[in-house]
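Hi,

Here is the structure you asked for. Please have a look, and then read my notes below.

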Amino acid sequence: MSDFQKDNVALMCDIGELVGLFDFKAGLDAFLAKAVSTVAWHMRAAVCSIFLYEPETQELLLRASQGLNPDLVGHLRLKLGEGITGMALKEMRPICEARATDNPHFKYIPGSREEMFVSFLAVPILRKMSPVGVIVVEDPQWNYFTQNDIRALQVISSQLAGVIENAHLLMKIHAAEGESRPLPPNPSAEEFGPGTYVVRGLGASDVMGIGLSTRIGEYLQEKEGSLCPLGLTEADFDRAMAVTERQLLDLQRRLEDKIQDAASMIFAAHVLMLKDEAFSGEIRRRIRAGANPWAAILEEVRHYVELFSSSPNPAMREKVLDVEDLGHRLLHNLSAPTLDSTGPDYAGQIVIADELLPSDILKLSAEGVAGLILLGGGQHSHVAILAKALQIPLIVATDKRLLRLPEKTLLLLDSNEGQIIVRPGPEAIETMKALIRSLADSESLAADVKSETRTRDGTEIKLLANLNLVSELDVALRVKAQGIGLYRTEFPFIVRTTFPTEEEQYLGYRRVLERMNGRPVVFRTLDIGGDKALSYFQMGQGSNPVLGLRALRFSLRNPAIFKQQLRAMLRAAHGNPHCRIMFPMVASLDEFLAARNHACACQRELEQEGVPSRLPQLGVMIELPSAAILAKELADAADFLSIGSNDLIQYLLAVDRTNDEMADWFSPHHPAVLRTLHNIVTAAETAGKPLSLCGNLATDFRMLPFLLGIGLSTFSLDSMAIPAVQRRIAQIDMDQARFQARKMLSFGRIEDVAEYLKTAGAVD
Ligand code: PEP
Ligand code: MG
């Protein structure tokens with residue numbers, strides 16, 4: 001058995017090549033045909049076939065093959081569990097045979113030419129852990145496929161699942177046509193008059209931006225024909241299609257360069273929709289029937305927006321922005337001068353929206369958006385965390401007049417101050433530009449940062465970085481973070497269209513450890529649910545997702561997903577003594593012990609398989625009141641604890657962290673919060689276990705003396721905040737901090753603490 005000349009690494013990493021597969025005009029089957037030939041080529045395998053599962057008949061249908069008799073394509077059907085291929089799907093696991101005929105499930109297909117092949121590898125294609133199909137490779141050499149081949153094929157199958165999902169989605173939408181309901185009317189709101197306005201909101205990403213306002217899909221509201229250029233033909237439409245496709249593929253590549261761990265096929269999925277017969281084919285039919293191409297595109301896009309937005313399926317509703325984006329691009333490319341000179345991307349623009357999804361933030365970031373204004377969501381929401389990670393200015397505001405701003409109104413966003421300036425004067429623009437220049441320069445930000453952080457009296461404090469996307473590592477290293485205290489591993493899951501495979505996760509985790517080069521890295525297992533939904537997995541959380549199947553509960557309820565992630569982490573921990581694993585939203589000792597059992601079982605399994613791995617230290621996030629009450633027991637059982645102050649405050653005070661209108665109630669200085677924090681520190685000290693704090697509280701200058709005063713000395717925070725927090729800590733005297741902490745713990749009213757913070761100035 002040898003990997004000689006096989007090119008699996010190229011196959012796995014070369015997402016660009018898969019994206020290139022969309023070059024084919026004829027939709028899914030052509031894409032699959034190209035996929036099988038690419039896989040066969042990279043794996044040097046004589047046969048590669050893809051079967052897709054048809055839920056209605058519970059059968060697998062051969063949709064593409066290289067190497068088998070081509071007459072079977074579109075005709076060969078296997079029942080679930082029939083043959084090795086059917087078994088791989090039924091049992092949802094890869095089956096690899098050195099000699100296929102040794103497997104009791106082997107089934108000879110007459111006329112297939114399979115008699116020439118000996119080695120057989122079948123890997124299920126799964127979406128949301130439900131069956132999509134099977135990819136099979138075969139070769140005449142005995143024992144030809146290796147463990148590496150299995151992993152490579154798993155990566156490929158997850159990519160294929162995303163594309164197939166989109167294709168299916170489109171088919172369902174066509175089937176649902178006719179059931180559409182009209183869009184609800186736009187609620188009327190007052191408008192801004194002429195002149196300059198300052199609108200207050202909540203800054204959510206500490207960066208500044210300047211740009212022209214836009215609303216995605218705004219052109220759909222344009223009065224009929226007001227922008228429609230005359231004299232356009234079908235040839236102009238063809239040109240616009242070609243340019244749009246090129247732009248989308250280019251964006252996909254840019255996205256992958258920028259955010260490697262989230263390199264799902266976001267824009268490539270747009271291409272599939274663009275080329276869908278029912279979309280572009282319908283536009284073409286309208287043009288041939290005499291419609292102006294501009295009007296034909298507009299009508300078709302509106303039709304889809306209506307269909308998507310009225311669908312009861314959340315995955316379809318999520319496509320609204322995608323189709324609006326497509327429409328915007330097509331119209332722009334049809335006749336660029338009519339949509340002014342800003343280009344089809346959102347470069348230099350400030351997007352105003354009611355709501356955006358994490359994947360939208362990624363798309364907009366790849367397109368170079370200059371800022372975001374959201375009319376919903378909160379400062380502590382995960383969309384805000386992602387915007388901050390990508391350094392996009394974001395302000396959460398409630399003033400509905402923003403939604404009625406004329407397109408291309410000049411805006412300044414000061415996310416630090418939570419300020420939006422509508423139509424700023426020349427002085428404000430100059431000041432802002434200078435500020436942006438100095439702040440954007442993270443070299444200068446990092447210039448005076450020290451590798452150690454000490455209080456005024458010399459006590460050492462550890463500052464680690466929170467990591468959401470691997471692309472943030474550069475800044476973390478530049479600001480001399482002493483490690484990664486919290487890697488929110490769910491972000492690569494959230495922004496994709498399918499679950500990443502164990503192999504993809506392992507490669508990503510290993511990359512983080514390698515880049516941190518011996519410094520500690522705490523990997524947090526998936527924290528999805530709440531405001532972090534996966535578009536491709538039905539959570540079924542009822543009307544209150546924050547109190548639903550979130551974080552560790554989700555992992556324990558979905559052991560296959562949990563196991564995959566744990567295995568990837570344990571493999572990455574091999575040879576890395578500084579790698580740690582932490583469980584989010586632990587509600588009881590029982591839950592922690594259950595999670596630990598899973599980790600131990602995975603470790604045993606990996607050892608039996610002979611896969612290099614290591615069971616690292618296991619920690620608990622204290623972010624639920626129940627965990628805070630049980631802190632002593634949890635500290636005794638776990639290797640370390642970390643306080644998640646964002647959720648701890650949310651759940652302790654019953655204040656939705658994502659609701660801007662509740663921001664006044666989200667009080668870190670609430671006596672109940674202060675005492676809870678103090679109790680957790682005492683519990684960790686008594687148990688002799690390390691404790692850190694990784695919520696946003698670590699960046700609250702007023703609260704830092706209290707946190708140091710109760711005995712916290714390790715913090716994990718956004719990298720960009722490290723230099724300023726380091727400077728703030730250098731002003732704090734530990735005796736004074738302890739005194740302040742004691743004083744603050746003595747108050748029973750929020751008001752009294754607030755008053756004390758004001759008079760003490762919280763500055764030492
Ligand atoms: C927290 O809750 O404080 C935390 C760090 O986790 P997240 O913000 O990802 O919920
Ligand atoms: Mg949390």
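The residues that line the largest cavity divide into nine nonpolar, three polar and four charged. Keep in mind throughout that this is a predicted model. The lining has 16 residues in total. Leu78, Thr85, Ile109, Glu114 and Phe120 lie nearest the centre of the cavity. Its volume is about 140 Å³. Three elements give two or more residues to the lining: β1 (47–54), α4 (83–90) and β6 (130–139). Of the elements, α4 gives the most, with three residues. Across the whole structure, the search finds 10 cavities of 30 Å³ or more.

Two loops that follow these elements hold a backbone feature to look at. Met92 sits in the loop between α4 and β4 (95–97). Its phi is near 50°, a positive value in a residue other than glycine. Asn143 sits in the loop between β6 and α5 (147–176). Asn143 also has a positive phi, about 50°, and is not a glycine. How do the two stand on exposure, buried or partly exposed? Met92 counts as partly exposed because its relative accessibility is 37%, which falls between the 20% and 50% cut-offs. Asn143 has a relative accessible area of 19%, so it counts as buried under the 20% cut-off.

Next, the metal site. Which residues donate to the magnesium ion (ligand 2)? The protein donors are Glu623, through OE, and Asp647, through OD. They lie 2.0 to 2.2 Å from the ion. This pair links distant parts of the chain, 24 residues apart. Glu623 is in the loop between β20 (617–622) and α22 (625–629). Asp647 is in helix α24. Both donors are buried.

Asp647 has a second partner. Arg657 forms a salt bridge with Asp647, and the closest N and O atoms are 2.9 Å apart. Arg657 lies in the loop between α24 (645–653) and α25 (671–687), while Asp647 is in helix α24, so the salt bridge ties together parts that are 10 residues apart in sequence. Arg657 is buried, as is Asp647.

Now the other salt bridges. How many are there? The count comes to 45. Here are two pairs and a network.

- Lys275 and Glu245: the closest N and O atoms of this salt bridge are 3.3 Å apart. The pair links distant parts of the chain, with Lys275 in helix α7 (residues 266–275) and Glu245 in helix α6 (residues 234–258), 30 residues apart. Lys275 and Glu245 are both buried.
- Arg286 and Glu282: the closest N and O atoms of this salt bridge are 3.9 Å apart. The two residues are separated by about one helical turn, because they are four residues apart in helix α8 (residues 277–288). Arg286 is partly exposed, with a relative accessible area of 22%. Glu282 is partly exposed too, at 25% relative accessibility.
- The network: salt bridges link Glu502, Glu503, Lys563, Arg567, Arg571, Glu605 and Glu609.

Glu245 comes up once more, this time with Leu326. The two are 81 residues apart along the chain, and their C-alpha atoms are separated by 9.9 Å. Leu326 is found in helix α11 (residues 320–334). Why does Leu326 count as buried? Its relative accessible area is 0%, so it falls under the 20% cut-off.

Last, the cysteines. A disulfide is a covalent bond between the sulfur atoms of two cysteines. How many does the search of the whole structure find? It finds zero disulfides. Two cysteines have accessibility values to pass on. Cys48 counts as buried, at 0% relative accessibility. Cys694 also counts as buried, at 2% relative accessibility.

To go through it on screen, you could begin at the magnesium ion (ligand 2) and its donors, Glu623 and Asp647. From Asp647, step across to Arg657, its salt-bridge partner. Then turn to the largest cavity, with Leu78 and Thr85 among the residues nearest its centre. Finish with Lys275 and its salt bridge to Glu245.

Best wishes

Conventions. Residues numbered from 1 in each chain as written. Chains lettered and ligands numbered in written order. Predicted model: local features only at pLDDT ≥ 70, side-chain atom pairs only at ≥ 80, totals over all residues. Heavy atoms only, no water. Salt bridge = Lys/Arg side-chain N within 4 Å of Asp/Glu carboxyl O. Buried < 20%, exposed > 50% of the residue type's maximum accessible area, 1.4 Å probe, protein only. Donors = N, O, S within 2.8 Å, 3.2 Å for Na, K, Ca; no water. Disulfide = S-S within 2.5 Å. 1 Å grid on protein atoms, 1.4 Å probe; cavity = no way out; pocket = protein on both sides within 12 Å on 5 of 7 lines; lining within 4 Å. Points joined across faces, edges and corners; volume = space filled by probe spheres on them. Nonpolar A, V, L, I, M, F, W, Y, C, P; charged D, E, K, R; others polar.
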